[in-house]
Every structure is written in structure tokens, then in C-alpha cells.
Amino acid sequence: MNKIIFIGLLLFILGNPSAFSQAKIDRAPIAKDTTKSIDIDPLTPAKAAFYSAVVPGLGQAYNKKYWKIPLVYGAIGTSLYFYLSNKKKYNQYRDAYKRRLEGYTDDPFPFLDNSRLIAGQKFYQRNRDLSSLFVAAFYVLNIIDANVDAALIQFNVNQNLSVRPDIYKNDVTLKANVGLTLNYNF
């Protein structure tokens with residue numbers, strides 16, 4: 001029985017790592033960082049803008065905002081459709097007017113006089129030019145959206161940062177005051 005207790009005590013002493021340690025060093029406890037550190041890449045917005053400039057919608061895919069890609073192609077595609085449609089109608093009216101001036105009898109618009117053909121040309125030319133502006137505007141808007149979205153992804157939005165309306169009592173007049181509190185928790 002004594003041998004079993006002796007062997008158990010010996011195993012306990014040998015198994016305990018502090019039994020062989022030298023002098024105990026008194027260290028101050030180290031606080032662990034409880035906040036997650038998010039690495040900020042300053043080139044992310046530039047990459048997203050570059051990708052959107054090369055292929056519209058690619059910057060949105062880079063930002064993982066896949067739902068915006070159909071909106072980008074819908075806006076640019078619709079504007080491009082109207083540009084091509086107005087260009088085709090403009091060319092039809094222009095060609096009909098030129099053929100009429102040259103004296104050809106096969107007129108696609110026999111019910112219109114020359115002033116109506118010129119007015120139709122101006123109308124479709126104006127709409128064609130506006131459509132081309134919309135194509136360019138939606139293309140640039142696509143690039144700006146990718147850039148801003150990539151910059152805002154890195155923005156710190158958590159519960160430690162908050163601005164809330166607050167109603168508090170004034171100690172002197174005992175009336176309710178309305179204010180805005182800015183809270184930042186470490």
C-alpha cells in the first residue's frame with residue numbers, strides 16, 4: 001500500500017511542470033486585444049474602379065455586390081438600345097430626304113413633305129445624342145459606384161461607434177432636453 005502511494009506521489013510530482021521550475025517570476029498580466037483588426041488596403045477602391053472601367057460590372061463583382069451587375073448592364077444596355085434605334089431612324093429620314101432631293105421616286109415616306117423629313121432628322125439626331133450621353137453617364141456611374149462601394153466596405157461600422165438621439169432631464173429646470181449622443185466604446 002505504501003508503495004502505491006509513493007509511486008502515485010512520485011508520478012504527481014514528475015507530471016507537474018511547476019515542480020521543476022526555478023524561481024517564480026512575477027509578471028504583469030497581458031491584456032488581450034478583443035477587437036478584430038481589419039487590414040485596410042488603400043488600393044482596393046482603385047482596383048474596383050479599374051476593373052469596372054475595363055469591363056462594366058467587374059468592379060461590382062470584385063466588391064462581391066453581384067446584385068448590382070444586372071443593374072449596370074440594364075442601364076447601359078437600355079441606353080445603347082435607344083442610341084442604336086434613334087441612329088437607325090435618323091439615317092432613314094436623312095436618306096429619304098437626300099433621295100428626294102436627288103429626284104428618286106421610290107420614297108419610303110411619301111406622306112411627309114421636306115420640312116417634316118428635316119424635323120424628323122433633327123428629332124432623332126437629338127435623341128441619338130442624348131442616348132449616347134446616357135451610355136457614357138451610366139458607364140462613368142458604374143465606375144464611381146465600384147470605387148465608392150470598395151471604399152465604404154472598409155469603413156468601420158460596428159456597435160462601438162454610434163450616434164443616437166437622447167432625451168435627458170435638465171437638473172436645474174427639470175425640463176426634458178433633446179440631444180444627440182456620440183458613443184465610442186473601447
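Which residues form one aromatic cluster? In this predicted model, the cluster consists of Tyr93, Phe109, Phe111, Phe123 and Tyr124. The overall architecture is described before the cluster and its surroundings are considered in detail.

The chain contains five helices and two strands. Read from the N terminus, these elements follow the order α-α-α-α-α-β-β. Of the 186 residues in the chain, 19% are buried. Among contacts with a separation of 6 or more, 48% involve residues 24 or more positions apart. The accessible surface of the chain amounts to about 15,100 Å², and carbon and sulfur atoms contribute 64% of that area.

Helix H2 spans residues 44-54, and its buried residues are Thr44, Pro45, Ala48, Ala49 and Ser52. These buried residues line one face of the helix, because they fall within an arc of 135° when H2 is seen down its axis. Exposed residues Phe50 and Val54 are carried on the face of H2 that is turned away from the buried side. The cover over the buried residues of H2 includes helix H3 (58-62) and helix H5 (114-153).

Eight aromatic pairs were found in a search of the whole structure. One of these pairs joins phenylalanine 109 to phenylalanine 111 in an edge-to-face arrangement, with 6.3 Å from centre to centre and 90° between the planes. The two partners differ in exposure: phenylalanine 109 has a relative accessible area of 11% and is buried, whereas phenylalanine 111, with a relative accessible area of 66%, is exposed. The rings of phenylalanine 123 and tyrosine 124 also form a pair, with centres 5.0 Å apart; their planes stand at 75°, above the limit of 60 degrees, so this pair is edge-to-face. Phenylalanine 123 is partly exposed, at a relative accessible area of 47%, while tyrosine 124 counts as buried at 17% relative accessibility. All four of these residues belong to the aromatic cluster, together with Tyr93.

Two arginine side chains are placed over tyrosine rings. Arginine 99 lies over the face of tyrosine 104, at a distance of 4.2 Å from the ring centre. In the other case, the ring of tyrosine 90 has the charged end of arginine 128 over it, 5.0 Å from the ring centre. Arginine 128 is also engaged through its side chain in a polar contact of 3.3 Å with the side chain of aspartate 129.

Aspartate 129 is a residue of helix H5 and is partly exposed, with a relative accessible area of 35%. Although aspartate 129 and tyrosine 83 are 46 residues apart along the chain, their C-alpha atoms are separated by 7.5 Å.

A further charged residue, lysine 68, is located in the loop between H3 and helix H4 (69-102). Its relative accessibility of 15% falls under the 20% cut-off, so lysine 68 counts as buried. When residues up to four places away in sequence are not counted, lysine 68 touches Gln60, Asp145 and Asp149.

Methods
Residues are numbered from 1 along each chain as its sequence is written. This is a predicted model: local features need pLDDT of at least 70, side-chain atom pairs count only at pLDDT 80 or more; totals for chains, interfaces and linings use all residues. Side-chain values use heavy atoms; hydrogens and water are left out. Buried means under 20% relative accessible area, exposed over 50%, partly exposed in between (1.4 Å probe, protein chains only). Helices (H or I, at least four residues) and strands (E, at least two) are DSSP runs, numbered from the N terminus. The arc is that of the directions from the helix axis to the C-beta atoms. Contact means heavy atoms within 4.5 Å. Rings of Phe, Tyr and Trp (its six-membered ring) pair if their centres lie within 6.5 Å; planes under 30 degrees apart count as stacked, over 60 as edge-to-face and the rest as tilted. A charge sits over a ring if NZ of Lys or CZ of Arg is within 6 Å of the ring centre and within 35 degrees of the ring normal. A polar contact is a pair of N or O atoms within 3.5 Å; within protein, one must be able to donate a hydrogen and the other to accept it, and residues adjacent in sequence count only if both atoms are side-chain atoms. Accessible areas come from the Shrake-Rupley method with a 1.4 Å probe; for residues, only the protein chains shown count as cover.
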